[in-house]
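These are my notebook entries on a single structure. I set down what I looked up, entry by entry.

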Amino acid sequence: MNTSYLSNIKKQFEYYKSLGEKTFHQLSIEEVKQEFVEDSNSISIIVKHIVGNMLSRWTNFLTEDGEKEWRHRDDEFKDIFQTKEELLDYWNKGWICLFDAITTLTEEDLERIIYIRNQGHTVTEAINRQLAHYSYHIGQIVFLGKLLKGKDWVSLSIPKGTSNTYNLEKFSKEKARRHFTDDL
């Protein structure tokens, strides 16, 4: 069962990574940097925060506290990106760190205790915490992208008005165990 958890969690992280990337591809650098109101977070600031969190949490994941001394969280809320390429390079740096940590895990690791700000978590709890954190922020990225593009937004899920067609296609297949991202 735990091996299933490890493969599932990897697919879940890959799914949220892809949602962010599909949003970035629809936007210009100006749109990525746009704040809707003063002191709100632009997409680029959210990316900087997510990656700062990833680098802190997943570097030496099993042996060091997830809140590293070298992390300067407040600086994550200052935009530094000049191009989408810079933003995407930074985005990928965080995901590489995450996936490198996850792919080394074994079933035996899942009940180990690790720490985030001196609070003990099982590895499973820490993974779930990070999945929830990243999906929360990636949802913000997608929502901001949708607001920025308006009617030109290309849906990342089931477009409005197509639920019946989508369900007909899904129910036309044999029942089988598969991950919901297998068809994406």
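**Entry 1: Salt bridges**

I searched the whole structure, a predicted model, for salt bridges and found twelve. I recorded three of these pairs individually, beginning with Lys10 and Glu14, whose closest N and O atoms are 3.3 Å apart. I noted that Lys10 and Glu14 are four residues apart in helix α1, so about one helical turn separates them. I recalled that an α-helix has 3.6 residues a turn, so residues three or four places apart point the same way. I then checked accessibility: Lys10 is partly exposed at 31%, and Glu14 is partly exposed at 34%.

I looked next at Lys173 and Glu169, a salt bridge with its closest N and O atoms 3.2 Å apart. Lys173 is partly exposed, with a relative accessibility of 34%, and Glu169 is partly exposed at 35%. I also traced salt bridges that share partners; they join Arg57, Glu67, Arg71, Glu76 and Arg117 into one network.

I closed this entry with Asp152 and Lys151, which form a salt bridge with the closest N and O atoms 3.8 Å apart. Lys151 has 78% relative accessibility and is therefore exposed, the cut-off being over 50%.

**Entry 2: Aromatic pairs**

How many aromatic pairs does a search of the whole structure find? I obtained eleven. I examined Phe13 and Trp58 and found an edge-to-face pair, with 6.1 Å from centre to centre and 85° between the planes. This pair links distant parts of the chain, for Phe13 is in helix α1 (residues 2–24) and Trp58 in helix α3 (residues 43–58), 45 residues apart. Is Phe13 buried or exposed? I read a relative accessibility of 0% for Phe13, which means that Phe13 counts as buried. Trp58, at 2%, counts as buried.

I then turned to Phe13 and Tyr134, whose ring centres are 6.1 Å apart with the planes at 55°, so I entered this pair as tilted. Phe13 belongs to helix α1 and Tyr134 to helix α5 (residues 123–149), so the pair ties together parts 121 residues apart in sequence. Both Phe13 and Tyr134 are buried. I followed the ring pairs further and found that they link Phe13, Phe24, Trp58, Phe61, Trp91, Trp95, Phe99 and Tyr134 into a cluster.

**Entry 3: Nonpolar core**

I looked up the largest nonpolar core, which has 44 residues. Phe13, Ile43, Trp58, Phe61, Leu98 and Ile127 have the most contacts inside this core. Which elements give two or more residues to this core? I listed α1, α3, α4 (84–103), β1 (113–116) and α5. Of these, α5 gives the most, with ten residues.

**Entry 4: Helix α3**

I checked the span of α3: at 1.5 Å a residue, its 16 residues should span 22 Å, and the end C-alpha atoms are 22 Å apart, which agrees. I found 16 of the 16 residues of α3 buried, so the rest of the structure largely encloses this helix. After α3 comes Asn60, for which I noted a positive phi, near 50°.

**Entry 5: Nonpolar surface patch**

I searched for nonpolar residues on the surface and found a patch formed by Phe36, Val37, Phe143 and Leu147. Together these residues have about 400 Å² of accessible area. I located Phe36 in the loop between α2 (29–33) and α3. At 39% relative accessibility, Phe36 counts as partly exposed.

Notes:
Residues numbered from 1 in each chain as written. Predicted model: local features only at pLDDT ≥ 70, side-chain atom pairs only at ≥ 80, totals over all residues. Heavy atoms only, no water. Phe/Tyr/Trp six-rings, centres within 6.5 Å; stacked < 30°, edge-to-face > 60°. Buried < 20%, exposed > 50% of the residue type's maximum accessible area, 1.4 Å probe, protein only. Patch = residues over 30% accessible without salt bridge, like charges linked within 9 Å, V, L, I, M, F, W, Y side chains within 5 Å. Areas by Shrake-Rupley, 256 points an atom, 1.4 Å probe, with all protein chains shown as cover. Salt bridge = Lys/Arg side-chain N within 4 Å of Asp/Glu carboxyl O. Expected span 1.5 Å × (residues − 1). Core = buried A, V, L, I, M, F, W, Y, C linked by side-chain atoms within 4.5 Å.
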